[in-house]
Amino acid sequence: WPKLVSFAEDNPDVTLDGEELTVAPGSLFVFGGDAIDRGPDSRRVVATLLAAKERHPDRVVLIAGNRDINKMRLVRELAGAPPAPTPDSIKRDRPALLRWIFESTMGARGAFGFRKEELEHEDGASVSDEDVVDSFIADLSPGGALARYLAACQLAYRTGPTLFVHGGITEASLS
């Protein structure tokens, strides 16, 4: 969230008023991916970007990042099909399993804690570890915020000679 705020600050083409991102007519805003896992404001960032895309479909492009896309597997993995190397001792403990998945298979060491902090800030009260798991499942369910965000994203965007992707293009990518 602080990076999005900083980007919009004194920007003549992209403004952020509260949580409403506006892109000036004739301008294009391309978000390069990884809207989540970067701090305790992931849900806020996703909601703001998605609302901007819905308001300005021709001026906002959302590129899906690996940290966004990899969350899709959580629904299956938390419903009884965890990754093969999952320790038996945590397979039935959803919060422990989710923490392990983030830390061991997604490179998202702080994601669980970030989500818990964000939910507590939103609710103004403490939330349980099960609430954290449930929030990820709800966000990924049909109509959920992250599911809608991912549906609005694309893997690449080209305008003129410029290609936008998350990550990079190398010679090996082209062969």
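How many aromatic pairs does the structure hold? In this predicted model, the count is 3 aromatic pairs. One of them joins Tyr 157 and Phe 164. Their ring centres lie 6.3 Å apart, and the planes meet at 35°. This geometry is classed as tilted, because the angle falls neither under 30 degrees nor over 60. Both partners were also examined for accessibility. Tyr 157 has 22% relative accessibility, so this residue counts as partly exposed. Phe 164 is likewise partly exposed, because its relative accessibility is 29%.

Phenylalanine rings also meet arginine side chains. Arg 99 is placed over the face of Phe 112. The distance to the ring centre is 3.9 Å. Arg 115 has its charged end over the ring of Phe 136, at 3.8 Å from the centre.

Arg 115 and Phe 136 appear again in the lining of the largest cavity. Rolling a probe the size of a water molecule over the atoms shows where empty space is left. The search returned 1 cavity of 30 Å³ or more. The volume of the largest cavity is about 50 Å³. Besides Arg 115 and Phe 136, its lining includes Ile 36, Asp 37, Gly 39 and Ser 42. Ala 111 and Phe 114 also belong to the lining. By class, the lining holds 4 nonpolar, 2 polar and 2 charged residues. Helix α6, which spans residues 111–123, makes the biggest contribution to this lining. That helix supplies 3 residues.

Key:
Residues are numbered from 1 along each chain as its sequence is written. This is a predicted model: local features need pLDDT of at least 70, side-chain atom pairs count only at pLDDT 80 or more; totals for chains, interfaces and linings use all residues. Side-chain values use heavy atoms; hydrogens and water are left out. Rings of Phe, Tyr and Trp (its six-membered ring) pair if their centres lie within 6.5 Å; planes under 30 degrees apart count as stacked, over 60 as edge-to-face and the rest as tilted. Buried means under 20% relative accessible area, exposed over 50%, partly exposed in between (1.4 Å probe, protein chains only). A charge sits over a ring if NZ of Lys or CZ of Arg is within 6 Å of the ring centre and within 35 degrees of the ring normal. On a 1 Å grid over the protein atoms alone, a cavity is a set of points where a 1.4 Å probe fits but cannot get out, and a pocket is an open set with protein on both sides within 12 Å along at least five of seven lines; lining residues have an atom within 4 Å of a point. Grid points are joined across faces, edges and corners, and a volume is the space filled by probe spheres set on the points. Helices (H or I, at least four residues) and strands (E, at least two) are DSSP runs, numbered from the N terminus. Ala, Val, Leu, Ile, Met, Phe, Trp, Tyr, Cys and Pro count as nonpolar, Asp, Glu, Lys and Arg as charged, and the others, Gly among them, as polar.
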